[in-house]
Amino acid sequence: MTHNRLELHARLASLEARNRELETRAAQLEDEKRHYQWLAESTTDLISRHARDGTFLYASQAARDLLGYAPEELIGVSAYDLFHPVDLAALLNKSPHVYYHDGFYQQTYRFRAKDGRYVWFETTSRTRRDPATGELIDILCVSRDVGRRIRAEANRERLARVVESTTDYVLFCDGDERLFYSNEAARRLLGLPREALDAQLERAYTPGSLALLREMVFPAVARYGSWSGELEMPGPKGPVPVLSVVLAHSGPGAEPGHLSLLNRDISLRKAAEAQARLHQEQIAHANRLATTGELASNIAHELNQPLAAIGNYASGALRQLHSDPQRPAADLALPLERIDAQVQRLGERLRHMRAFVRKGQTRSRPTALADVVDAACRLCEWQYQQSNIALHHRLPEALPRVQADPIALEQVLVNLLLNALEASREQPGATQVEIHAWQSGPREVTFSVSDQGPGIAVDQAAAIFAPFHSSRREGLGMGLAISRSLMEAMGGNLSLADGSGGASFVGKLLTEASSLHPSKFRSQS
């Protein structure tokens, strides 16, 4: 009896412990259920369960944000009715766009929201089947909005098509200068196959441009992220000038050292610039011819003076011979030497005139500004003497050489000097024209031509450099326009610094790299 009672108590205690264990387990399962329910309701992905015909059996709260539907509004609705027709056909026909692996389906498609717009979804589906019969029980789905990704991919595809079809030469290279992409235009120019994975950058640029890329461009891109300038690429008919932009790849997934090189063919622009330079040189040549006409009296004076001296020395030598036919030849050495000196001087003057008038290309090179000023002043000296106007120029001896074409710069100065002389003639009390020059910057020299004429009105200051604008009735109005054009062609500029109380024109030119020494001046009048 006692034994049975004890056994009963033991069984009851075991049952109570089992019940408590089951209650604890049930509580844990309920907690887990609430936890998973919370996860399903909190995630930004839409979690849904569907019957075999696609009808919604459950939808998480994300349906509100993604589709505008309350979850209960979707219950009983077939998901297939909300598919975009094209994407539904792909699903039902098991298009290759529908990915399947080990019971999981994945598809990217468009799903209609409550307001009628379509949302791009990427859905991963898992079917549940009866283990015994294999009959479909339901379908579990996790769907996320991938519209931003789809639009980004579409943009990338559009950009890729643009890059592939553009006439610019587009290249991508890595840190080892290996070309891992070239568009069709670049492949045609360089003769590369479509998959030119072994091509090196040296195949895409001429040796000079490749050296520039390595020495200057790549370090600049590494520091600043981009560079632009002119390079040359090899072509079937010779080097092709290109305007290049080099960019460092940046952003997520970008590899260190990867670069984009965008190259635009500027052969036509270069040809047009060459034609424009030729046209400018032709106009400048015509202007020099016109200026030579204005300098006709100076030319006559330059020729007359040495010819008169030669005639005098020759007449003196002849008189000595007539008076004493037997006198030694050595007595004629002095007049012959002087005749020779005058012939040399005449030849120099003629060469100078010919060089000034001669047609040629403008080529800048290191030039002594003082020498050009002296030459221009000599050309205009006779006109100034005839008009009784003094011409003064005062230049530092240690002035650095400037980058200029000597003949073009002389033409600019002659135009300015003749204009200054014309202005001074019309002004009572005007006595002189001055030329000054100084170093105005580390790589810049400035010169000025100032007169004592009536000056230039404020309303005329902006128009004086326009072609065919002239204050003289007989003037063509091309001198200042051509002078400014020539200065800009040499990398400088020309402007009116002051038009009151006489005009003052200022020209600026670049210098060659050199340092100044203490200034020593020379003065000439």
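Among contacts in the protein chain between residues at least 6 apart in sequence, what percentage join residues at least 24 apart? The figure is 57%. Keep that in mind as you move through this predicted model.

**Stop 1: the whole chain**

Show the protein chain as a cartoon. It has 14 helices and 19 strands. Now colour by burial. Of the 525 residues, 37% are buried. Switch on the surface. The accessible surface comes to about 31,000 Å². Carbon and sulfur atoms account for 54% of that area.

**Stop 2: an open sheet**

Select strands S7 to S11. These 5 strands form an open sheet in the order S8-S7-S11-S10-S9, with antiparallel pairing. Find the edges next. They are strand S8 (179–182) and strand S9 (226–235), each of which pairs on one side only. From one strand to the next, the twist averages 25°.

Add helix H7, residues 207–224. Helix H7 packs on the sheet and touches S9, S10 and S11. Its direction makes about 155° with that of S9.

Now narrow the selection to residues 238–248 and 259–265. These are strands S10 and S11, which run antiparallel and are joined by 7 bridges. Strands of a sheet pair through backbone hydrogen bonds. For one pairing to click on, take Ala248: its bridge partner in S11 is Leu259.

**Stop 3: from the sheet to helix H8**

Stay with strand S9 and show the side chain of Glu230. Then show Arg269. Glu230 and Arg269 form a salt bridge, with the closest N and O atoms 2.6 Å apart. The pair links distant parts of the chain, since Glu230 is in strand S9 and Arg269 in helix H8 (residues 267–294), 39 residues apart.

Are these two residues buried or exposed? Neither label fits. Glu230 is partly exposed at 39% relative accessibility. Arg269 is also partly exposed, at 35%.

**Stop 4: Arg110, Asp87 and His84**

Move to strand S4 and select Arg110. Which residue forms a salt bridge with Arg110? The partner is Asp87, and the closest N and O atoms are 2.9 Å apart. Arg110 lies in strand S4 (residues 104–112) and Asp87 in helix H4, so the salt bridge ties together parts that are 23 residues apart in sequence. Asp87 is buried, with a relative accessible area of 8%. Arg110 counts as partly exposed at 22%, because the cut-off for buried is under 20%.

Next, click His84. His84 sits in the loop between helix H3 (71–74) and helix H4 (85–92). Its relative accessibility is 18%, so His84 counts as buried. Leaving aside neighbours within four places in sequence, His84 is in contact with Arg110 and Tyr118.

**Stop 5: the aromatic cluster**

Keep strand S4 in view and select Tyr80, Phe83, Tyr109, Phe111 and Phe121. Together they form one aromatic cluster. The aromatic pairs in the count come to 8.

Look at Tyr109 and Phe111. Their ring centres are 6.1 Å apart and their planes meet at 80°, so the pair is edge-to-face. Tyr109 is buried at 5% relative accessibility. Phe111 is buried at 2%.

Now compare Phe111 with Phe121. Their ring centres are 5.7 Å apart and the planes lie at 15°, so this pair is stacked. Phe111 belongs to strand S4 and Phe121 to strand S5 (residues 118–129), so the stacked pair ties together parts that are 10 residues apart in sequence. Both Phe111 and Phe121 are buried.

**Stop 6: more charged pairs**

Side chains of opposite charge can pair when their charged atoms come close. How many salt bridges does a search of the whole structure find? The search finds 18.

Select Arg49, Arg128 and Asp138. A network of salt bridges links these residues.

Finish at helix H12, residues 406–425. Show Arg425 and Glu422. Their side chains meet in a salt bridge at 3.2 Å, N to O. The two are 3 residues apart in helix H12, so about one helical turn separates them. Glu422 is buried, with a relative accessible area of 17%. Arg425 is partly exposed at 45%.

How values were computed:
Residues numbered from 1 in each chain as written. Predicted model: local features only at pLDDT ≥ 70, side-chain atom pairs only at ≥ 80, totals over all residues. Heavy atoms only, no water. Pairing = 2+ DSSP bridges. Helix = DSSP H or I, 4+ residues; strand = E, 2+ residues; numbered from the N terminus. Axes fitted to C-alpha atoms, helices over the stretch in contact; angles between N-to-C directions. Contact = heavy atoms within 4.5 Å. Buried < 20%, exposed > 50% of the residue type's maximum accessible area, 1.4 Å probe, protein only. Areas by Shrake-Rupley, 256 points an atom, 1.4 Å probe, with all protein chains shown as cover. Salt bridge = Lys/Arg side-chain N within 4 Å of Asp/Glu carboxyl O. Phe/Tyr/Trp six-rings, centres within 6.5 Å; stacked < 30°, edge-to-face > 60°.
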